[in-house]
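The following exercises concern one protein chain. Each task is followed by a solution that proceeds step by step.

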Amino acid sequence: MADVTEQPECQLRLETAPKNTNIVNTGHGELVPASNPARSRRSVRWPFVADNYPPLAWWQRLPPQAFGDTERLLLVSTIRGIAVLRGGDDLVAAMRGDATAAIDAALELMPVEEITTPVDITMTALMCIALEGNAAPALVLAQIIGLTDVGHQHTSDLAAAWLAFGERHSDEPDKFGEAGVILLSAFEQYLNKGDA
């Protein structure tokens with residue numbers, strides 16, 4: 001399995017803002033100026049490893065850096081081994097690798113109030129397509145992770161990692177970065193709502 005227990009923080013957090021902005025996410029739900037000298041660049045230990053969770057739960061726990069060839073093959077074989085009784089045409093197409101259908105199926109879940117098996121299947125199908133280097137599913141994955149209680153305190157870091165991954169694979173990184181700034185603001189509002 002891929003080892004991501006020691007990753008540079010800049011790979012796990014959205015450390016660079018898109019052009020025309022000076023705001024970054026610290027990975028702790030805080031938006032700070034990019035020039036802030038307090039921003040850390042130390043190595044962090046990612047708290048979750050693939051071996052400790054079933055593949056359908058990886059979308060809730062693992063950043064894109066955690067997926068090597070072994071994990072990707074296991075994800076694909078897991079998705080291919082599932083027979084869908086409900087979920088509609090979008091979910092079936094998503095499980096076959098259709099990015100547009102995967103995005104549609106995932107967005108139909110919003111807001112995710114509870115993590116269920118259908119949610120796990122849909123999000124895993126979306127993640128499989130994102131891991132192929134498709135930026136749009138990575139953006140949607142980041143959005144849903146950032147706006148969902150996935151059961152741990154590293155939600156912002158995980159969402160930021162998927163945003164950064166999507167931006168790296170985007171044909172239009174400036175537009176993607178603008179969308180990322182908007183999402184980071186939404187994540188901040190979501191986290192603050194939970195603290196209130």
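**Exercise 1. Classify T117 as buried or exposed, and place it in the fold.**

Step 1. T117 has a relative accessible area of 51%. Buried means under 20% relative accessible area, exposed over 50%, and partly exposed in between, with a 1.4 Å probe and protein chains only. T117 is therefore exposed.

Step 2. T117 belongs to helix α5, which covers residues 117–130. Helices (H or I, at least four residues) and strands (E, at least two) are DSSP runs numbered from the N terminus.

Step 3. A separation of 8.1 Å lies between the C-alpha atoms of T117 and L56, and the two are 61 residues apart along the chain.

Two notes on the source apply throughout. The model is predicted, so local features need pLDDT of at least 70 and side-chain atom pairs count only at pLDDT 80 or more, while totals for chains, interfaces and linings use all residues. Residues are numbered from 1 along each chain as its sequence is written, and side-chain values use heavy atoms, with hydrogens and water left out.

**Exercise 2. State the order of helices and strands in the chain.**

Step 1. The chain contains eight helices and four strands.

Step 2. Along the sequence, these follow the pattern β-α-β-β-β-α-α-α-α-α-α-α.

Step 3. The chain has 196 residues, of which 47% count as buried.

**Exercise 3. Determine whether H154 and A138 are buried or exposed.**

Step 1. A138 is in helix α6. Its relative accessible area is 0%, so A138 is buried.

Step 2. A138 and A161 are 9.5 Å apart in space, C-alpha to C-alpha, and 23 residues apart in sequence.

Step 3. H154 occupies the loop between α6 and α7. With a relative accessible area of 18%, H154 is buried.

Step 4. In sequence, H154 and L62 are 92 residues apart, and their C-alpha atoms are 10.0 Å apart in space.

**Exercise 4. Describe how α6 is oriented relative to α4 and to α7.**

Step 1. Two packed helices are described by the angle between their axes and the distance between the axes. Axes are lines fitted to C-alpha atoms, for helices over the stretch in contact, and angles run from 0 to 180 degrees between N-to-C directions.

Step 2. The axes of α4 (residues 99–108) and α6 (residues 135–146) come within 10 Å and cross at roughly 10 degrees. Angles under 35 degrees count as roughly parallel, over 145 as roughly antiparallel, 65 to 115 as roughly perpendicular, and the rest as oblique. Helices α4 and α6 are therefore roughly parallel to each other.

Step 3. α6 and α7 (residues 155–169) pack at about 165 degrees, with axes 8 Å apart. This makes α6 roughly antiparallel to α7.

Step 4. The crossing of α4 past α6 is left-handed, and α6 passes α7 in a left-handed crossing. A crossing is left-handed if the near helix is turned anticlockwise from the far one by less than a right angle, and right-handed if clockwise.

**Exercise 5. Characterise the packing of α3 with α5.**

Step 1. Their axes come within 9 Å and cross at roughly 40 degrees. The two helices, α3 and α5, are therefore oblique to each other.

Step 2. α3 and α5 cross in a left-handed sense.

**Exercise 6. Locate the cis peptide bond.**

Step 1. The bond joins M110 and P111, with omega at about -10 degrees.

Step 2. P111 lies in the loop that runs between α4 and α5.
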